[in-house]
Number of protein chains: 2
Amino acid sequence: MSMELGIGTKLSRCETCSIRHQAVCGALTGPELARLNQIAKPRKVAAGQTIMSDEDPATFLANVVSGVVKLSKTLPDGRQQVIGLLFSPDFLGRVFNETNPYFAEAAVDSEICSFPRKQFEALLDEFPGLEHRLLEHTLSELDSAREWMVLLGRKTAQEKVASFLLLLANRSLITGCHHIQPGEEASFELPLSRNDIADYLGLTVETVSRQITRLKSANVINLVDNRHFTVPDLDRLRDIAG
Amino acid sequence: MSMELGIGTKLSRCETCSIRHQAVCGALTGPELARLNQIAKPRKVAAGQTIMSDEDPATFLANVVSGVVKLSKTLPDGRQQVIGLLFSPDFLGRVFNETNPYFAEAAVDSEICSFPRKQFEALLDEFPGLEHRLLEHTLSELDSAREWMVLLGRKTAQEKVASFLLLLANRSLITGCHHIQPGEEASFELPLSRNDIADYLGLTVETVSRQITRLKSANVINLVDNRHFTVPDLDRLRDIAG
DNA sequence: CGACATGTTGAACCTCATCAACCGACGTGG
DNA sequence: CCACGTCGGTTGATGAGGTTCAACATGTCG
């Protein structure tokens with residue numbers, strides 16, 4: 001049985017999970033982790049597939065195991081705003097609430113590990129360490145959201161695009177565990193279409209496109225293709241991002 | 001001793017606190033509440049006074065007991081963004097972090113009840129119920145922040161101003177426990193200067209001023225003075241807010 | 001090959017920012 | 001007591017940054 005523990009027994013899925021220590025699950029060990037394992041259901045999600053929708057009841061929560069998840073909200077008349085990107089050890093969904101607070105879809109091919117909401121909440125109640133991890137995670141999401149509010153409210157198109165590229169660079173460096181040698185150009189992937197980038201930055205596709213070509217002309221970035229770019233000098237990008 | 005309990009003893013400050021059940025403290029009773037009471041320090045803050053600054057180390061946290069607290073962030077070149085308003089039972093400050101994530105100042109004369117951060121964190125660790133309350137609070141702050149991102153990124157000046165007035169109306173109705181009779185005009189207070197409103201909405205003072213007079217001309221709102229307005233028909237305001 | 005999606009580029013337009021003047025309220029000092 | 005400066009708010013004229021609309025390029029898939 002994969003949920004038994006002890007020398008010689010088979011390891012459970014949670015125990016061998018690649019993000020075990022980074023994600024909220026990191027709070028649990030032994031029999032506690034086994035309990036989580038019982039309700040965890042891994043799932044592959046292809047790029048473009050929706051994971052959860054606002055309007056829908058919040059039936060499950062999830063960890064992002066790999067890939068990128070795009071969170072968005074839409075105004076009645078169709079205007080859209082991307083309100084966040086979730087990367088590898090991030091947590092997805094809304095605990096203690098009956099409806100999802102946003103629309104979530106896979107930006108690139110991704111893997112998530114989902115939990116039925118009610119059962120996960122029961123575990124939160126039972127294991128304060130788990131709830132603590134979730135709190136820490138929520139707090140840092142709140143910090144990021146507020147940082148983004150400054151961008152949306154006060155930055156120019158140029159600064160917005162630069163900030164976005166910088167964000168990707170930072171996240172890629174973390175999750176990829178990639179160390180750049182001085183002088184080495186780091187290469188990054190754009191997990192979003194121009195349209196989604198625009199919706200993330202509160203701009204239009206055209207403006208995003210123009211600003212990207214402008215950064216390219218200024219040799220701040222190089223485009224290897226529409227979805228990959230390199231940054232010769234991160235500090236210069238940082239300056240422009242403000 | 002005010003921290004002892006039992007029939008006939010004097011009630012502690014926390015026990016008689018007006019927001020005791022609404023704030024995070026609501027999780028505690030009896031000896032637990034007494035522990036919180038030991039580290040709680042109430043404080044009056046005059047309008048305009050700063051409460052905490054980013055850059056400063058996060059030495060304390062607080063509950064907003066009365067009044068309104070303005071949270072903001074400033075770009076190196078001085079551009080400012082108000083990233084949130086805190087009302088009566090809201091929680092102020094950043095647990096588990098060495099520096100404050102924002103600049104906080106009293107928007108109007110306010111009272112807060114502060115706790116040394118380290119000691120409060122120790123209580124969180126000791127009383128899971130307290131941490132749970134804080135999590136719930138943080139989650140709903142995150143929801144609001146994301147809602148505001150839609151406003152900042154996608155709404156027009158007109159919609160922004162209308163949304164802001166609507167927000168005030170909603171918060172006033174909650175905290176004031178005020179029930180509007182059908183046909184009765186509800187009256188609200190603007191806790192922010194035009195300048196701060198602009199910084200909250202990602203606009204300039206001039207645009208805010210123009211949009212307010214526009215709403216006034218359309219009879220959506222009435223200004224009794226610069227800091228007070230009434231709304232004859234909240235649904236109309238809601239329509240304009242989008 | 002044509003249909004479609006995604007991205008870039010150009011031109012015209014418009015919303016909102018900028019700059020400046022003005023107004024009323026308030027406090028201070030001659 | 002009134003002139004004066006200051007502060008918060010409004011209003012007007014002008015202009016720039018970003019949107020809108022449209023054309024075009026490129027790549028992909030039936």
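## A walk through the two chains

Start by selecting Gly202(A): this residue comes right after helix H5(A), and its phi is positive, near 70°. Helices here are DSSP runs of H or I with at least four residues, strands are runs of E with at least two, and both are numbered from the N terminus. Before going on, note that this is a predicted model, where local features need pLDDT of at least 70, side-chain atom pairs count only at pLDDT 80 or more, and totals for chains, interfaces and linings use all residues. Residues are numbered from 1 along each chain as its sequence is written, chains are lettered from A and ligands numbered from 1 in the order in which they are written, and side-chain values use heavy atoms, with hydrogens and water left out.

**Step back to H5(A).** Select residues 194-201 of chain A; seven of these eight are buried, so the helix is largely enclosed by the rest of the structure. Buried means under 20% relative accessible area, exposed over 50%, and partly exposed in between (1.4 Å probe, protein chains only). Colour the buried ones: Arg194(A), Asp196(A), Ile197(A), Ala198(A), Asp199(A), Tyr200(A) and Leu201(A).

**Zoom out to chain A.** You should count seven helices and eleven strands. The radius of gyration is 20 Å, close to the 18 Å that the globule rule gives for 242 residues, so chain A is as compact as a globular protein of that length. That radius is taken over C-alpha atoms, and the rule is 2.2 Å times the number of residues to the power 0.38. Turn the C-alpha trace along its principal axes and it spans about 60 × 45 × 30 Å. Buried residues account for 51% of the 242 in this chain. Of the contacts (heavy atoms within 4.5 Å) between residues at least 6 apart in sequence, 70% join residues at least 24 apart.

**Hop over to chain B.** Pick Ala169(B), which sits in helix H4 of chain B, residues 157-176. Ala169(B) is buried, with a relative accessible area of 0%. Leaving out residues up to four places away in sequence, Ala169(B) touches Phe188(B) and Leu234(B). Draw a C-alpha to C-alpha line from Ala169(B) to Phe188(B): 6.3 Å in space, though 19 residues in sequence.

**Finish with both chains.** Superpose chain B on chain A with a 180° rotation and 0.0 Å of shift along its axis, and the RMSD is 0.0 Å. The fit is by least squares on C-alpha atoms of residues with pLDDT of at least 70 in both copies. This is the relation of a two-fold axis. The same surface serves both copies, as 100% of the contact residues of chain B recur in chain A.
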